[in-house]
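Hello,

Here is the structure for you to look over. My notes on what turned up follow below.

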Amino acid sequence: MVTLAEVAQHAGVSASTVSYVLSGKRSISGATRQRVEQSIRELGYHPNAGARALASSRSNIIALMIPLRTDMYVPVMMEIAIAVATTARTHGYDVLLLTGEEGPDAVRRVTGSGLADAMILMDVQLDDERLPLLRGTDQPSVLIGLPADTTGLTCVDLDFKATGALCVEHLAMLGHRDIAVIGEAPAVYERHTGFAERTLDGLRARSQELGMRLLHRPCEGGYDAMAVTLARILDERPSTTGFVVQNESAVEPLLALLRQQGRAVPEDVSVVGICPDQVATQASVRLTSVSIPAQEMGRHAVEQLVAKLDGRGSDEVLLIAPELTVRTSTGPAPSTTH
């Protein structure tokens with residue numbers, strides 16, 4: 001391993017000069033800085049992370065808390081995590097991934113140990129038990145998600161309330177009056193997970209404003225669970241002609257079950273998804289959908305956090321406006337229903 005002293009000897013300067021170039025603590029002439037940086041590149045020198053952390057009181061690490069639950073769609077979570085990691089690297093930070101469901105204990109561990117300079121929290125609940133600890137520490141943090149009370153917090157998320165409203169408006173414009181929402185697994189609502197609750201708020205409020213009837217049913221996803229959920233919906237509300245699906249694992253089972261029952265999409269029923277574009281475009285019927293801007297959320301979260309670390313940031317809520325892409329799964333409501 002190349003040492004700082006070897007870099008100094010190669011560049012023809014003192015070890016302290018190399019240290020000042022690396023830390024930026026003192027002004028170094030342009031020619032000297034260039035010579036030192038060239039030696040660093042040629043020798044392949046990497047500063048010792050532990051020594052650098054001691055010298056700067058910074059670890060240059062961001063902790064990302066992302067509980068990987070079986071009732072959540074993991075590919076979206078991981079797409080956000082990858083966006084966080086790649087954006088962090090462009091700012092000179094590495095990412096420490098915390099995947100356990102430790103809640104407040106994980107926050108205490110990070111803030112109390114100096115493991116990381118800052119935190120990004122995912123899977124945010126409306127009344128998240130981690131929030132009092134975040135508000136009580138000086139360590140910068142950003143939430144990917146929106147709790148009920150955002151006071152003193154920095155948050156970034158898709159505007160899920162507007163997303164729900166947008167789905168309803170699209171179906172209303174096509175003449176649908178009875179719509180059913182196939183939601184996430186029941187446990188997601190039992191935890192009062194922010195994105196699911198806010199979507200439901202938007203769906204219900206806009207349906208009421210437009211005089212539409214709306215039925216919401218959580219679903220575990222998968223064929224068997226979807227079969228039970230669909231049978232229940234059509235038994236309770238046989239006039240249903242529009243579906244909004246916020247559950248990636250329920251998309252294909254729903255489309256298959258509708259086919260089996262002889263309900264053509266979109267001639268007899270319309271389906272709108274709230275899901276990644278990849279899920280929408282690869283479905284057996286290309287779904288009209290509102291996409292989940294996973295990469296954008298991850299990038300914004302890191303940029304907000306770096307601004308706070310640099311003393312430039314302030315507490316703010318950034319909501320990304322939803323965009324609905326019309327594909328082949330939605331059409332005019334039929335004049336008669338099954």
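The model is predicted. I start with the aromatic rings. The count comes to one aromatic pair, with ring centres within 6.5 Å as the cut-off. The partners are Phe160 and Phe195. Their ring centres are 5.5 Å apart and their planes meet at 50°, so the pair is tilted. Planes under 30 degrees apart would count as stacked, and over 60 as edge-to-face.

Where do Phe160 and Phe195 lie? Phe160 is in helix α8 (residues 160-173), and Phe195 is in helix α10 (residues 194-209). The pair therefore ties together parts that are 35 residues apart in sequence. Phe160 counts as buried, at 5% relative accessibility. Phe195 is buried too, with a relative accessible area of 18%. The cut-off for buried is under 20%.

Next, the sheet. Six strands form an open sheet in the order β2-β1-β3-β4-β5-β11, and the pairing is parallel. Which strands stand at the edges? They are β2 (94-98) and β11 (317-320). Each has a single partner strand, so one side of each is left without a neighbour in the sheet. On average, neighbouring strands of this sheet are turned by 20° against each other, direction ignored.

One pairing in detail: β3 (residues 118-121) and β4 (residues 141-144) run parallel and are joined by three bridges. Ile120 has Val142 in β4 as its bridge partner.

Two helices lie across these strands. Helix α5 (residues 74-90) crosses β1 (61-65), β2, β3 and β4, and runs at about 155° to β2. Helix α6 (residues 104-113) lies across β1, β2 and β3, at about 160° to β3.

α5 deserves a closer look. Its 17 residues reach 25 Å from the first C-alpha to the last, close to the 24 Å expected at 1.5 Å a residue. Buried in α5 are Val76, Met77, Ile80, Ala81, Ala83, Val84, Thr87 and Ala88. They cover an arc of only 160° around the axis, which puts them on the same side of α5. Ile82 and Thr90, on the other side of α5, are exposed. What do the buried residues of α5 pack against? Their partners are β1, β2, β3, β4, α12 (248-260) and α14 (294-309). After α5 comes Gly92, with a positive phi near 85°.

Now α12. Its buried residues are Glu248, Ala250, Val251, Pro253, Leu254, Leu255, Ala256, Leu257 and Leu258. The buried residues of α12 pack against α5, β6 (178-183), α11 (223-236), β8 (242-245), β9 (270-274) and α13 (277-282). Just after α12, Gly262 has a positive phi of about 75°.

Last, one residue to click on: Leu215, in strand β7 (residues 213-218). Is Leu215 buried or exposed? Leu215 is buried, at a relative accessible area of 8%. Which residues does Leu215 contact, leaving aside its neighbours within four places in sequence? They are Ile179, Ala180, Val181, Ile233, Glu236 and Arg237. The C-alpha atoms of Leu215 and Ala180 are separated by 4.6 Å, though the two residues are 35 residues apart along the chain.

Best wishes

Notes
Residues numbered from 1 in each chain as written. Predicted model: local features only at pLDDT ≥ 70, side-chain atom pairs only at ≥ 80, totals over all residues. Heavy atoms only, no water. Pairing = 2+ DSSP bridges. Helix = DSSP H or I, 4+ residues; strand = E, 2+ residues; numbered from the N terminus. Axes fitted to C-alpha atoms, helices over the stretch in contact; angles between N-to-C directions. Contact = heavy atoms within 4.5 Å. Expected span 1.5 Å × (residues − 1). Buried < 20%, exposed > 50% of the residue type's maximum accessible area, 1.4 Å probe, protein only. Arc of directions from axis to C-beta. Phe/Tyr/Trp six-rings, centres within 6.5 Å; stacked < 30°, edge-to-face > 60°.
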